[in-house]
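Trainee: I should like to take a close look at a single part of this model, namely its salt bridges. Please explain them step by step, and then turn to the other parts of the model.

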Amino acid sequence: MSKKIQAIRGMNDLLPDVSPRWQFFESRVRDLMQRYTFDEIRMPIVEQTALFARSIGEVTDIVEKEMYTFEDRNGDSLTLRPEGTASCVRAALEHGLLYNQTQRLWYQGPMFRHERPQKGRYRQFHQVGVEAYGFEGPDIDAEVILLSARLWQELGLTEHVTLELNSLGSSEARAAYRDTLVSYFEAHRELLDEDSLRRLASNPLRILDSKNPAMAEMLNGAPQLIDHLDEESRAHFEGLTAMLDAAGITYVLNPRLVRGLDYYCRTVFEWTTTALGSQGTVCAGGRYDGLVEQLGGKPTPAVGFAMGIERLILLLETLDLVPKEALGGCDVYLLPMDESTTIPALTLAETLRSAVPGLHLQLHCGGGSFKSRMKKADKSGATLALLLGPDELANDTITLKFLRQERDQQSLPQAALSATLAELLNLATATQPT
RNA sequence: GUGGGUGUAGCUCAGCGGUAGAGCCCCGGAUUGUGACUCCGGUGGUCGUGGGUUCGAACCCCAUCAUCCACCCCA
């Protein structure tokens with residue numbers, strides 16, 4: 001066992017029994033993006049290390065200890081992307097997508113973080129991301145939040161997720177508040193616990209979130225973010241909440257909500273669930289107006305979010321929300337009864353696939369006794385079996401057997417088969433049968 | 001990076017010092033052209049790996065690896 005080569009820790013194979021759930025989810029997402037007119041962009045999985053260091057923040061956990069970084073053969077430092085936003089900005093800038101224009105983009109794919117795996121958290125995980133560039137007002141913030149809300153609606157998740165909302169203020173206001181807060185904590189250094197001392201350097205806003213009762217009094221006296229919000233950010237946030245109210249979206253204002261990545265400013269939000277254990281965030285994002293400039297572009301407002309696909313699929317599984325039809329499978333199992341009908345069965349299968357494009361037909365392969373062929377027909381999950389033996393071959397007929405209901409099998413002319421199957425399975429026939 | 005749980009057949013697990021087990025799955029048979037239900041038979045394991053204790057270790061001890069859950073952090 002241990003000598004066998006196995007998958008890298010935290011990097012999972014998606015086996016055939018779960019891939020239909022992914023396909024179901026992905027097709028819903030793709031459809032939704034088209035309806036909201038977001039265009040797909042695909043970026044490489046590997047980027048220069050500096051891209052992430054400069055965007056995510058040098059002292060964040062992600063950059064400090066969670067990146068898969070290695071040297072290319074020519075000595076360049078490369079990194080497996082830990083998130084998509086930085087790559088997306090890089091790609092958009094590199095190809096002039098942000099020059100005097102707006103963009104509504106989305107992407108999907110694997111991300112990599114070297115963390116200890118646990119439920120809903122893996123070293124290779126997958127995200128769907130949405131990014132909108134060039135829009136200053138809160139309408140686009142509302143638009144992307146509404147898009148996510150509609151996805152929950154269509155997946156049946158609405159009752160199981162909560163939207164939390166906050167504003168961090170402008171980049172300047174946020175930075176100023178951060179400084180104020182750090183000085184406050186420095187002044188009370190002796191009251192800080194070990195975790196908080198570490199956060200003082202990495203993410204001081206997070207200290208406010210500490211549950212340590214010994215620090216409660218000191219935290220209550222800390223300067224509040226809300227008092228440091230600049231006037232424009234306040235108006236922006238009020239605009240957003242008014243739009244969400246008008247759209248009938250319920251949310252919780254969470255003044256403690258702080259995103260981990262350095263580039264966020266103004267609007268931040270998170271969709272959470274209590275159904276997944278400790279990894280409850282299923283989708284999160286916000287505004288990052290300063291990032292494009294930081295990466296060498298003109299100042300460009302931007303909003304986006306990322307969803308964790310593993311977490312959402314886990315949630316769909318837990319709540320049993322994947323419709324049976326989405327699981328695909330086999331409608332019809334066509335079996336030659338012996339070697340003499342192998343080739344006629346093969347050509348008949350092709351004829352049927354042309355005539356009824358929606359048909360999921362499995363042709364029996366691999367020989368075996370008639371009994372074992374029937375067993376395989378049953379195991380395939382098909383509702384119908386088509387039996388082609390020497391007798392049928394001689395008469396140009398086929399035997400149609402119902403595998404899932406008490407109903408006599410019938411013998412039909414092969415010419416009538418495609419129409420019968422289409423009717424039984426409620427499928428359309430090809431407009432121009434070949 | 002830290003803490004705890006678990007590693008025995010393809011899968012789910014029992015056995016906890018004395019010859020490695022069950023259920024499911026798979027294969028074959030009872031049934032020559034009829035699957036699922038039933039009955040009968042069969043394939044399959046250096047008990048995660050390495051060391052130690054013992055006359056004897058799947059079982060006790062140590063180490064190591066993997067996995068799960070939690071902390072941290074995050075989607």
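Mentor: We shall need one definition at the start: a residue is called buried if its relative accessible area is under 20%, exposed if that value is over 50%, and partly exposed in between. Please also bear in mind that this is a predicted model.

With this definition, let us take arginine 35. Its relative accessible area is 45%, so arginine 35 is partly exposed. Its salt-bridge partner is glutamate 154, and the closest N and O atoms of the two are 2.5 Å apart. This pair connects distant parts of the chain, since arginine 35 belongs to helix 1 (residues 19–35) and glutamate 154 to helix 5 (residues 138–155), with their positions 119 residues apart in sequence. Glutamate 154 has a relative accessible area of 30%, and therefore it too is classed as partly exposed.

Helix 5 takes part in another such link. Glutamate 143 and arginine 104 meet through their side chains in a salt bridge with an N to O distance of 2.5 Å. Here again distant parts of the chain are joined: glutamate 143 lies in helix 5 and arginine 104 in strand 5 (residues 103–112), 39 residues apart. Glutamate 143 is partly exposed, because its relative accessibility is 24%. Returning to arginine 35, we find that salt bridges with shared partners bring Asp31, Arg35 and Glu154 together in one network.

A further salt bridge lies within a single helix. The side chains of arginine 90 and glutamate 94 are 3.0 Å apart, N to O. Both residues are in helix 4 (residues 85–94), and because they are 4 residues apart, about one helical turn separates them. Glutamate 94 has a relative accessibility of 54%, so it counts as exposed. The whole structure contains 17 salt bridges, and those described here are among them.

The same scale of accessibility is useful elsewhere. Glycine 169, in the loop between strand 7 (162–167) and helix 6 (171–187), is buried because its relative accessible area is 0%. Glycine 169 is 57 residues from isoleucine 226 in sequence, while their C-alpha atoms are 8.5 Å apart in space. Isoleucine 45, by contrast, is partly exposed, because its relative accessibility is 33%. Isoleucine 45 is placed in the loop between strand 1 (39–40) and strand 2 (46–48), and with Val46 and Phe70 it makes a nonpolar surface patch of about 210 Å².

We may now turn to the RNA. RNA strand B is surrounded by 48 residues, of which the closest are Arg113, Arg199, Arg259, Met337 and Asp391. Of the atoms of RNA strand B that come within 4 Å of the protein, 56% belong to sugar and phosphate. The residues of this surface comprise 22 charged, 13 polar and 13 nonpolar. Helix 14 provides the largest share of the surface, with 6 residues.

The bases of RNA strand B are approached as well. Arginine 311 has a side-chain N or O atom 2.8 Å from a base oxygen, and a polar side-chain atom of glutamate 115 is likewise 2.8 Å from a base oxygen. In leucine 403, a polar backbone atom is 2.5 Å from a base nitrogen of the strand. Among the elements that give two or more residues to the surface near RNA strand B are strand 6 (124–133), helix 7 (194–202), helix 14 (370–379) and helix 15 (390–395).

Methods: Residues are numbered from 1 along each chain as its sequence is written. Chains are lettered from A and ligands numbered from 1 in the order in which they are written. This is a predicted model: local features need pLDDT of at least 70, side-chain atom pairs count only at pLDDT 80 or more; totals for chains, interfaces and linings use all residues. Side-chain values use heavy atoms; hydrogens and water are left out. A residue is near a molecule or strand if one of its heavy atoms lies within 4 Å of it. A polar contact is a pair of N or O atoms within 3.5 Å; within protein, one must be able to donate a hydrogen and the other to accept it, and residues adjacent in sequence count only if both atoms are side-chain atoms. Ala, Val, Leu, Ile, Met, Phe, Trp, Tyr, Cys and Pro count as nonpolar, Asp, Glu, Lys and Arg as charged, and the others, Gly among them, as polar. Patches are made of residues with over 30% relative accessible area and no salt bridge: like charges are joined within 9 Å, nonpolar side chains (Val, Leu, Ile, Met, Phe, Trp, Tyr) within 5 Å. Accessible areas come from the Shrake-Rupley method with a 1.4 Å probe; for residues, only the protein chains shown count as cover. A salt bridge is a side-chain nitrogen of Lys or Arg within 4 Å of a carboxyl oxygen of Asp or Glu. Buried means under 20% relative accessible area, exposed over 50%, partly exposed in between (1.4 Å probe, protein chains only).
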